[in-house]
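Q: Please take a close look at helix packing in this model. Go contact by contact, and add any backbone geometry worth checking.

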Amino acid sequence: MTSPAATSGTTGAGTTTGTASTTGAGTTRGTTGTAGTAATRGAGTTSGAAGPGDRAAPGPWLLGVRHHGPGSARAVLAALAAARPAVVLIEGPPEGDALLPLAADPQMRPPVALLAHAVDDPGRASFWPMAAFSPEWVAIRWALGHDVPVRFIDLPAAHSLALKAPAPGPRDSKAPGERAGEAGEEVTPVVDPIRVLAETAGYDDPERWWEDVVEHRSPGGAQGAGRAGAFAPFAALAEAMSALREAYGDGGQPRDAVREAYMRIQLRTARKEFGDDVAVVCGAWHVPALAARTTLAADRSLLKGLPKVRTDLTWVPWTHRRLARHSGYGAGIDSPGWYGHLFQTADRPIERWMTKVAGLLREEDRFVSTAHVIEAVRLADTLAALRGRPLAGLGETVDAVRAVMCEGSDVPLALVRDRLIVGETLGEVPDAAPAVPLQRDLTRSQRTLRLKPEASERELDLDLRKETDAARSRLLHRLRLLDVGWGDPVAGRGSTGTFRESWRLSWEPELHVRVAEAGVWGTTVLTAATAKAESGAVAATALADVTALAERCLLAQLPDALPVVMRSLADRAALDADVGHLADALPALARSLRYGDVRSTDTTALAEVAAGLAERICVGLPPACTGLDADGAEALRGQVEAVHGAIGLLTTGTEPDTGLRARWDAVLHKLAARDAVAGIIRGRATRLLLDEGRLAEDEAARLMGLALSPGTPPADAAAWIEGFVGGAAGGGMLLVHDERLLGLVDAWLTGVPADQFTDVLPLLRRTFSAYEPGVRRTLGELVRRGPVPEGARRDDAGRPPGGFGPGHDETRADAVEPVLRLLLGHLSEPAEAAV
């Protein structure tokens with residue numbers, strides 16, 4: 001998703017073209033600037049050093065920065081204000097020049113990112129993220145605000161994307177943020193400039209050193225020394241970067257030589273047009289290379305023969321979470337929210353930060369008073385003094401919040417880290433930004449349905465009886481079919497009816513690439529989903545895949561795709577003779593039939609195919625259940641359960657009974673009585689018949705007695721028990737209420753030979769461990785009491801154990817009745833019987 005020239009850099013900071021670096025020395029976070037220009041992504045030095053007095057050195061001015069560093073952003077502003085350059089050049093893809101005026105649009109709210117993708121392969125894409133505190137963004141805004149030309153000068157995206165090797169393995173094998181550094185030649189840098197400089201200064205924590213040297217400097221410090229003072233930080237950083245590059249070369253990023261050659265060519269071009277009044281904002285790591293004296297021919301030779309692809313660029317919203325290093329973004333920072341606060345707060349940053357934290361904790365119903373805020377600020381300042389720091393930094397504020405506001409607990413502190421230190425800000429892009437037609441249609445649908453994309457995860461409950469909620473459901477299902485994973489269905493907390501749906505929504509910036517990829521299927525969400533469903537139906541080889549696709553088409557309401565899917569389904573169903581495949585396919589079809597009433601979809605053809613599959617399963621299932629090993633029997637047990645539920649759906653309703661239920665019951669009777677069938681399947685078939693009331697309790701007890709007879713191998717008997725009462729589907733309660741069955745299990749268990757008991761113990765543990773604690777405790781009480789003598793009632797069997805009464809307590813039962821009526825909605829009292 002990200003590219004070596006954008007967010008993708010593996011570990012280099014200044015070396016990646018965009019925000020791309022990870023943590024590598026000169027190449028990752030960049031190196032640091034003593035005065036606040038050092039960069040995470042790259043460090044650099046100015047080509048013009050500060051002159052004496054109030055005059056700045058002549059240009060061009062190379063402003064080496066840390067990408068996403070507020071200290072660098074403030075220093076860039078001061079330098080631009082002092083130099084008043086005739087043109088501003090910025091590290092980024094030149095194809096994005098036409099998009100730069102949009103940065104001044106009032107609707108443009110960072111964080112945002114430049115997205116470049118190959119026209120013929122939208123999945124090959126790169127991002128160049130920018131936050132409000134990114135030096136590049138500040139420079140762009142300054143140039144637009146002062147009518148100064150601004151341009152990108154990095155290697156064109158047409159080349160960087162062509163050089164980007166396809167990601168190995170499945171597309172989703174890596175998290176979105178980990179797609180950085182997919183190019184083959186990207187290797188881990190041997191040096192992290194910030195770490196090297198921090199260690200040289202005697203710090204063991206590079207981020208703490210960066211805060212002390214850069215972020216804690218007064219915003220007006222540079223201006224205080226005059227115009228020349230605005231460039232002093234860049235000159236110091238340039239000197240440091242030069243030393244590092246002499247020692248470490250390209251820092252493990254050989255492609256940087258090509259990028260820097262292109263930037264030098266662009267710098268020469270700008271100087272010919274504007275003279276020396278040129279300001280360059282780039283990763284600090286690149287500054288020594290841009291200041292180096294090379295020939296035009298030598299630079300052009302490095303660019304000769306580069307591959308090229310057609311590209312499209314646009315602005316897309318970004319998130320603070322995606323700026324964080326833990327997301328896998330190479331040029332990421334640890335605390336985007338904190339850095340944004342430092343950049344936006346002109347005075348008393350610690351006091352204002354503690355106020356934000358207190359407000360967040362109060363929203364979560366935690367008691368935090370003004371006194372807590374005051375004490376937290378005092379503690380943070382005290383910790384900074386004890387640690388020898390000029391001002392309290394993020395470490396001191398975190399420690400103070402934990403001690404004062406969180407009472408030493410890391411649980412509420414995790415909320416502060418997530419919501420404030422990292423942040424959940426999602427940027428906005430103006431409507432005028434270029435977009436593929438599918439993205440525009442999606443944006444219109446989001447606005448019409450009032451489904452605003454949000455970076456934070458949230459749950460959405462839908463009532464499909466309402467037109468707006470039904471339309472939202474269709475949109476989300478269509479996007480899932482297009483592999484645009486904006487939302488995932490989750491189990492609802494309320495009603496389980498078919499008219500209820502619950503979704504978990506979270507919009508990630510990478511989804512813009514997925515939308516661009518899906519654009520090959522159509523220009524609207526509906527047409528694209530229809531085309532992809534039709535293509536999937538034709539290409540599918542497994543019957544279960546086609547049935548799952550049919551279900552998704554019904555959920556997404558794709559009427560034009562259903563005929564193609566149904567033809568494919570009928571063809572594959574007719575050719576597939578494997579009972580297991582048929583059993584896997586039937587449940588999805590049966591579920592799909594439920595959507596006809598709620599979604600007003602005609603499911604007649606689907607019902608005919610489902611009935612045909614069910615008939616074939618009834619014929620082929622008994623022979624398929626013989627001669628199975630343990631794993632095969634367990635798998636088929638699950639298929640029998642699924643088919644049983646599916647047939648229940650198929651035979652429920654107002655349609656006349658076609659005899660399918662009777663034929664299925666006959667199949668279950670065969671499975672329950674046939675000795676050649678695996679014990680776990682025989683037990684489950686018996687249980688299913690008993691639960692449906694199609695097997696008498698006496699007959700169930702007889703079958704259990706046969707299965708647990710002394711002639712049955714203990715392993716087979718244990719498998720039968722697992723099938724009959726295993727799992728959490730009420731098997732324990734069946735034993736609680738039918739002491740005959742419990743007595744049979746107890747008698748068999750006590751009769752298992754000692755040398756075979758260890759063989760059946762795992763099966764028994766798996767069976768009974770699934771019961772709820774209360775059920776297990778009740779079973780233990782019943783076993784301890786012993787069996788009730790045959791022909792005797794429980795209340796005749798002596799003193800009952802704890803928790804059991806000698807009979808029904810009608811007084812207590814009467815007390816429960818009003819509550820039950822309230823729960824069931826029957827508020828009126830039953831009419832008294834007429835005398």
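A: Two helix pairs come up in turn, then two backbone points.

The model is predicted; local features need pLDDT of at least 70, side-chain atom pairs count only at pLDDT 80 or more, and totals for chains, interfaces and linings use all residues. Numbering starts from 1 along each chain as its sequence is written, and side-chain values use heavy atoms, with hydrogens and water left out.

Two packed helices are described by the angle between their axes and the distance between the axes.

Take helix H28, residues 679-691, and helix H30, residues 714-725. Helices (H or I, at least four residues) and strands (E, at least two) are DSSP runs, numbered from the N terminus. The H28 and H30 axes come within 6 Å. They cross at roughly 30°. (Axes are lines fitted to C-alpha atoms, for helices over the stretch in contact; angles run from 0 to 180 degrees between N-to-C directions.) H28 is therefore roughly parallel to H30. (Under 35 degrees is roughly parallel, over 145 roughly antiparallel, 65 to 115 roughly perpendicular, the rest oblique.) The crossing of H28 and H30 is right-handed. (The near helix is turned clockwise from the far one by less than a right angle; anticlockwise is left-handed.)

From H28, Gly679, Ile680, Arg682, Gly683, Arg684, Thr686, Arg687 and Leu690 take part. They meet Asp716, Ala719, Trp720, Glu722, Gly723, Phe724 and Val725 of H30. (Contact means heavy atoms within 4.5 Å.) By class, this contact holds six nonpolar, four polar and five charged residues. (Nonpolar: Ala, Val, Leu, Ile, Met, Phe, Trp, Tyr, Cys and Pro; charged: Asp, Glu, Lys and Arg; polar: the others, Gly among them.)

Now helix H8, residues 256-274, and helix H10, residues 296-303. Their axes come within 9 Å and cross at roughly 135°. H8 and H10 are therefore oblique to each other. H8 passes H10 in a left-handed crossing. H8 supplies Ala257, Val258, Ala261, Tyr262, Arg264, Ile265 and Arg268 to the contact. H10 supplies Leu296, Asp299, Arg300, Leu302 and Leu303. The classes here are eight nonpolar, no polar and four charged.

Next, the backbone. Most residues other than glycine have a negative phi, and most peptide bonds are trans. Histidine 68 has a positive phi, near 65°. Histidine 68 sits in the loop between strand S1 (61-65) and helix H1 (70-83). The peptide bond from proline 110 to proline 111 is cis, with omega near 10°. Proline 111 lies in the loop between strand S2 (87-90) and S3.
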